[in-house]
Amino acid sequence: MKQNSSLFLDDGSRVAVIGGGPAGSFFSYFLLHMTQRVGISPSVDIYERREFSKLGPVGCNMCAGVISESLVQSLSIEGIKLPENVVQRGINSFQLHTDKESVTMYAPFNEMRIATVYRGGGPRGATELKWESFDEYLLQLAGAEGANIIRDRVINLSWDGQKPQVHIKDKEPQTYDLIVGAFGVNSPSGELFENLSFGYRKPGARKTSNMEFAFGSEYVTNTLGNSMHAFLMNLPGLHFAALVPKGNHVTMCLIGDDINNKFVDNFMQRPPVQKYLAGNDSHTAGACSCSPYASLGDATQPFGDRVVLIGDSGMSRLNKDGIGSAYRTAKVAAVTALFRGISQKDFQDGYLPICNAIKLDNRFGRVIYTIVEVIKKSRWLTRGVVRMINSEQRKSGKQRRMSMVLWDMFTGSAPYRDVFMRCLHPGFIGGYIRHIAFGSSAPATEADRKEEVMEETALGRLYHNGEIIIQEGEPGDCMYVIQSGQAEVIITQDGKEVSLSVLSQGDVFGEMALFQQQPRSATVRAMGDTRVLTIDKRIFLRRVHEDPSFAYLILQKMSQRIRELDSEMARIKTK
Ligand SMILES: Cc1cc2nc3c(=O)[nH]c(=O)nc-3n(C[C@H](O)[C@H](O)[C@H](O)COP(=O)(O)OP(=O)(O)OC[C@H]3O[C@@H](n4cnc5c(N)ncnc54)[C@H](O)[C@@H]3O)c2cc1C
């Protein structure tokens, strides 16, 4: 039951989005995109103080710039393909370094499904500006859907009767039907929302460190390759440390309890880190550096009548996939505002469940980080981790228990709860104990690794002309989105091949396997070079559970497919 029938978005309703980072852009994009389905046209103003084309921290929302596997897949189903000039490098593996050993984990399907990007114009002093800012790309997507981008800072918020008002310097205050807080945790804007007195309290945050090194693309390719490098070292208070390869730079990212210059120097001087830093060993060495705040997870009361807070300023995942949380919260908030309403009760019914899910998951995350702290302190325990991963590299699928736990943990591909539950499995615990006691720390041989040499910035996997992507009659448990090129859909009838259709960029296939345990109903074959992104069943189903409108996208594509098949069948019959 709606509390107040006037709290709906309608033709001419005005929405203000404070912050044009990922959360603000995603919200505006999805709201405007979905209004076409409902047939109303509200207006959306995005207030953003930064120029994302500027170099250095001033044009940047300061992060490691890793777009998670689950987000790359979700966006590709949403029809958002990250352009190659936004993707700095595709990542297909993770290297884990302890104080003594290193081990490599490869992505499921051995595919480039993680992207590294620059949030702003690029590191300070960068000269080869061949790339585009990720945040600017998203902002322009929202702009293309009709959002009005106002490059200015919001300095105050107030109430105009029942409706919220936005103030910017030297302009008349503007009254809106809904305001959306998407200002992150790196500005004082949280206080503006706290002063609206609906109970909001901004999330806690802690200081972190990011540094960019201009090593040149040859060094980056030869030394770091297409791998993210994560460090499991005995450095008290360090929760996450990674080196992230980009086009011609490397980003070093440290998240922990008390990150300061001394801590950064200490980390950089550790032998496993030194191998990748070309002799640099001090916090002053980077071409560009910043110390942004990272959200500690959850705000209090992130909604009220006509107000909702999303992304870092609302709810986000602890230490991992913050941009993925921005996407998830923005989409659910937009669906709620459009299909339920914009009262506190509407957000409580439609938006609170995802906030609670993230909050609960962060509790599991905190337990996992505590366990990792213990493992880091013991040479035996870290060696057990490395040994178990090494022995698993020769196995496949569910047998790779430690590798999948760490992959999902570092990439943020699965909720902390899933990761935690898998750690309790007797097979995991037994295997770990066995590898602490016995086993080899020697890396798997090159022959055991199925690394494919791929372009630096294209995501997915490349199939060559005539190569079969899926085969009729075979079992399947994933679907695919074409990133570039074309593929032909074929069925076999009376021993002859019948071509049903030609698929191209953005088209989805293999989706029936997500709904039914049936063999593939057709063969799909590459026509020329075709790049395809694989979508995991578990990631798809998790998204549908959280945001049922996600399933609509697939239904839309399936209904289109049935229509095309009908007309193709009619054409074949007539022949
Ligand atoms: C060290 C570090 C590394 C990270 N690495 C990753 C990573 O690799 N992958 C990942 O997914 N996440 C990462 N994150 C988290 C990620 O940066 C955030 O979760 C994400 O940026 C949140 O998006 P957002 O849109 O909510 O907020 P933000 O990205 O902070 O955007 C907020 C926007 O609001 C604007 N704004 C604020 N106040 C005002 C105002 N008053 N008027 C107008 N505009 C305003 C700001 O200019 C900004 O553009 C990292 C975070 C840190 C600190």
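## A buried aspartate and its partner

At 0% relative accessibility, D408 counts as buried. This residue belongs to a predicted model, and D408 makes a handy starting point for a tour. Its side chain meets that of R422 in a salt bridge, with 2.6 Å from N to O. The two partners come from distant parts of the chain: D408 sits in helix α12 (residues 401–411) and R422 in helix α13 (residues 416–423), 14 residues apart. R422 has a relative accessibility of 27%, so this arginine counts as partly exposed.

## More charged pairs

Side chains of opposite charge can pair when their charged atoms come close. How many salt bridges does the count come to? The total is 24 salt bridges.

One of them joins D361 and R317, at 3.7 Å from N to O. This pair also links distant parts of the chain, with D361 in helix α10 (residues 352–377) and R317 in the loop between β20 (307–309) and α8 (322–339), 44 residues apart. Are these side chains buried or exposed? D361 counts as buried because its relative accessibility is 10%, and R317 is buried with a relative accessible area of 6%.

Another salt bridge brings R525 and E497 together at 3.1 Å from N to O. R525 lies in strand β26 (residues 523–536) and E497 in strand β24 (residues 496–503), so the pair ties together parts that are 28 residues apart in sequence. E497 is exposed, with a relative accessible area of 52%. Elsewhere, salt bridges with shared partners join E78, R328, K331, R543, E546 and D547 into one network.

## Aromatic rings

A pair of aromatic rings is described by the distance of the centres and the angle of the planes. The structure holds 20 aromatic pairs. In one of these, F231 and F267 have ring centres 5.5 Å apart and planes at 90°, so the pair is edge-to-face. F231 lies in strand β14 (residues 227–231) and F267 in helix α6 (residues 261–268), so the pair ties together parts that are 36 residues apart in sequence. Both rings belong to buried residues: F231 has a relative accessible area of 6%, and F267 counts as buried at 0% relative accessibility.

How are the rings of Y480 and F509 arranged, stacked or edge-to-face? Their centres are 5.1 Å apart and their planes lie at 15°, so the pair is stacked. Y480 is in strand β23 (residues 478–493) and F509 in strand β25 (residues 508–509), which places the linked parts 29 residues apart. Y480 is buried, with a relative accessible area of 8%, and F509 counts as buried at 2% relative accessibility.

Ring pairs also link F26, Y29, F30 and Y327 into a cluster. Charges meet rings in this structure too. The charged end of K331 sits over the ring of F30, 5.1 Å from the ring centre. K331 is also a member of the salt-bridge network described above. In a second case, R14 lies over the face of Y176, at 4.4 Å from the ring centre.

## Around the ligand

Which residues are closest to the ligand? In total, 34 residues surround the ligand, and the closest are E48, R49, V66, S189 and D312.

Some contacts involve oxygen atoms of the ligand. A backbone N or O atom of A23 lies 2.9 Å from one ligand oxygen. An N or O atom in the side chain of N61 is 2.9 Å from an oxygen atom of the ligand, while a polar backbone atom of G65 is 3.4 Å from a ligand oxygen. Taken alone, the ligand exposes 1,000 Å², and the protein buries 94% of that. The elements that give two or more residues to the surrounding shell are α1 (22–38), β13 (205–213), β18 (293–295) and α8.

## Two backbone details

Two loop residues round off the tour. A278 has a phi near 45°, a positive value in a residue other than glycine. A278 is found in the loop between α7 (271–274) and β17 (288–290), and is partly exposed with a relative accessible area of 47%.

N319 has a phi near 65°, again a positive value in a residue other than glycine. N319 lies in the loop between β20 and α8. Is N319 buried or exposed? At 12% relative accessibility, N319 counts as buried.

Note on methods: Residues are numbered from 1 along each chain as its sequence is written. This is a predicted model: local features need pLDDT of at least 70, side-chain atom pairs count only at pLDDT 80 or more; totals for chains, interfaces and linings use all residues. Side-chain values use heavy atoms; hydrogens and water are left out. A salt bridge is a side-chain nitrogen of Lys or Arg within 4 Å of a carboxyl oxygen of Asp or Glu. Helices (H or I, at least four residues) and strands (E, at least two) are DSSP runs, numbered from the N terminus. Buried means under 20% relative accessible area, exposed over 50%, partly exposed in between (1.4 Å probe, protein chains only). Rings of Phe, Tyr and Trp (its six-membered ring) pair if their centres lie within 6.5 Å; planes under 30 degrees apart count as stacked, over 60 as edge-to-face and the rest as tilted. A charge sits over a ring if NZ of Lys or CZ of Arg is within 6 Å of the ring centre and within 35 degrees of the ring normal. A residue is near a molecule or strand if one of its heavy atoms lies within 4 Å of it. A polar contact is a pair of N or O atoms within 3.5 Å; within protein, one must be able to donate a hydrogen and the other to accept it, and residues adjacent in sequence count only if both atoms are side-chain atoms. Accessible areas come from the Shrake-Rupley method with a 1.4 Å probe; for residues, only the protein chains shown count as cover.
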